[in-house]
Amino acid sequence: MAGFVNSVLNLLQFAILVLIAVAGISVWQRRWPPTPPFARPRGTSSAQLRSDQNAKFFYDRGFLFLRRWFFVGTGCPPARINRQRLGEMRTEQADQPVRVASTAGRTWWWFENNFYWESGGYSASDVIALVRDRQRKDKAKLDRAHAQLDGDRRSPARRPTISREVKMRVFQRDGGRCVQCGTDFEIQYDHVIPVALGGSSTEQNLQLLCARCNQSKGANL
Ligand SMILES: [Zn+2]
């Protein structure tokens, strides 16, 4: 009887060990699903370096709950990274671009705490050149935007409004008709000396013109 109980216990122990082994192997062997087409980077011209905001490192727990490190980017399925190598790369990327992962003709770079991808087969010095070029362009764009903003602040309204009283007096003076051709169709208030040339919105500098005469005057100026 005791022998029978012992052998049942032995069998149970063996079964539990097999279960643990199978569970461990299945976690260890876990496969990542392929990246769906919509998540892959678009095909672009080769001379390009793209910033990848989705790129990052992460870890999960594998066999014996040990951390396993991965790199993942836009269109880049998780790529296993050696833990020690990750530490080395972190140091290196402060000074020079580090190649982190490659998949389907695309390479991901880590440089100055930013991630980039390219499909031009670049070298580290190519990547530096492209990153610097990009930073120069961004700065120029920012400078232009600030200059534009300052310009807008300095000249608020280019075209001064004509007061109601001035309009009425000009209308009465010119008899409600175009001073050139005499029509009363599509009458407009025209600055004799244009605003752009320093003309003011006074009665003396205003006249009635029809749309056609105004247009031909504009063309002759
Ligand atoms: Zn006219």
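Let's start with burial. Buried residues make up 14% of the 221 residues in this chain. Keep in mind that we are looking at a predicted model.

Now the overall dimensions. A compact globule of 221 residues would have a radius of gyration near 17 Å. This chain has 38 Å. Along the principal axes, the C-alpha atoms fill a box of roughly 130 × 45 × 30 Å. There are two domains in the assignment: domain 1 covers 41-136, and domain 2 covers 164-220. Their C-alpha centres lie 66 Å apart.

What about contact order? Take the contacts in the chain with a separation of 6 or more. Residues 24 or more positions apart account for 51% of those.

Secondary structure next. The chain has 5 helices and 9 strands. Reading along the sequence, you get the pattern α-β-β-β-β-α-β-β-β-α-α-β-β-α. I'll go through two sheets.

Sheet one has 3 strands. It is open, the order is E2-E3-E4, and the pairing is antiparallel. Which strands stand at the edges? Strand E2, residues 56-61, and strand E4, residues 76-81. Each has a single partner strand, so one side of each is left without a neighbour in the sheet. Neighbouring strands here are turned by 35° against each other on average, with direction ignored.

Look at the E2 and E3 pair. Strand E3 is residues 67-73, and 6 bridges join E2 to E3. The two run antiparallel. If you want a landmark, find Asp60, which stands opposite Arg68 in E3.

What packs on this sheet? Helix H2, residues 83-92. H2 touches E2, E3 and E4. The direction of H2 makes about 50° with that of E3.

A quick reminder before the next one. Strands of a sheet pair through backbone hydrogen bonds, either parallel or antiparallel.

Sheet two has 4 strands. This one is open as well, in the order E1-E7-E6-E5, with antiparallel pairing. The edge strands are E1, residues 50-51, and E5. Each of those pairs on one side only.

Let's walk across it, starting at E1. E1 and E7 run antiparallel, joined by 2 bridges. Arg50 has Trp117 in E7 as its bridge partner.

Next step: E7 to E6. Strand E7 is residues 114-118, and its antiparallel pairing with E6 takes 5 bridges. The bridge partner of Phe111 is Asn114 in E7. E6 and E7 form a hairpin, with 2 residues between them. In that turn, which residue has a positive phi? Glu112, at about 50°.

Last step: E6 to E5. Strand E5 is residues 98-103, and E5 pairs with E6 in the antiparallel sense over 5 bridges. Arg99 stands opposite Trp109 in E6. These two strands also form a hairpin, with 2 residues between them. Ala104 sits in the turn, with a positive phi of about 45°.

So where does burial show up in this sheet? Look at strand E6, residues 106-111. How many of its 6 residues are buried? The count is 5, so E6 is largely enclosed by the rest of the structure. Set that beside the chain as a whole, where buried residues make up 14%.

To wrap up, three things to keep on screen. One: the domain centres, 66 Å apart. Two: H2 packed on the E2-E3-E4 sheet. Three: strand E6, largely enclosed, with 5 of 6 residues buried.

Terms used
Residues are numbered from 1 along each chain as its sequence is written. This is a predicted model: local features need pLDDT of at least 70, side-chain atom pairs count only at pLDDT 80 or more; totals for chains, interfaces and linings use all residues. Two strands pair if DSSP finds at least two bridges between them. Axes are lines fitted to C-alpha atoms, for helices over the stretch in contact, and angles run from 0 to 180 degrees between N-to-C directions. Two residues are in contact if their C-beta atoms, placed from the backbone, lie within 7 Å. Domain bounds come from an automatic or database domain assignment. A residue is buried if 20 or more other C-beta atoms lie within 10 Å of its own, exposed if 12 or fewer, and partly exposed in between; C-beta atoms are placed from the backbone. The radius of gyration is taken over C-alpha atoms; the globule rule is 2.2 Å times the number of residues to the power 0.38.
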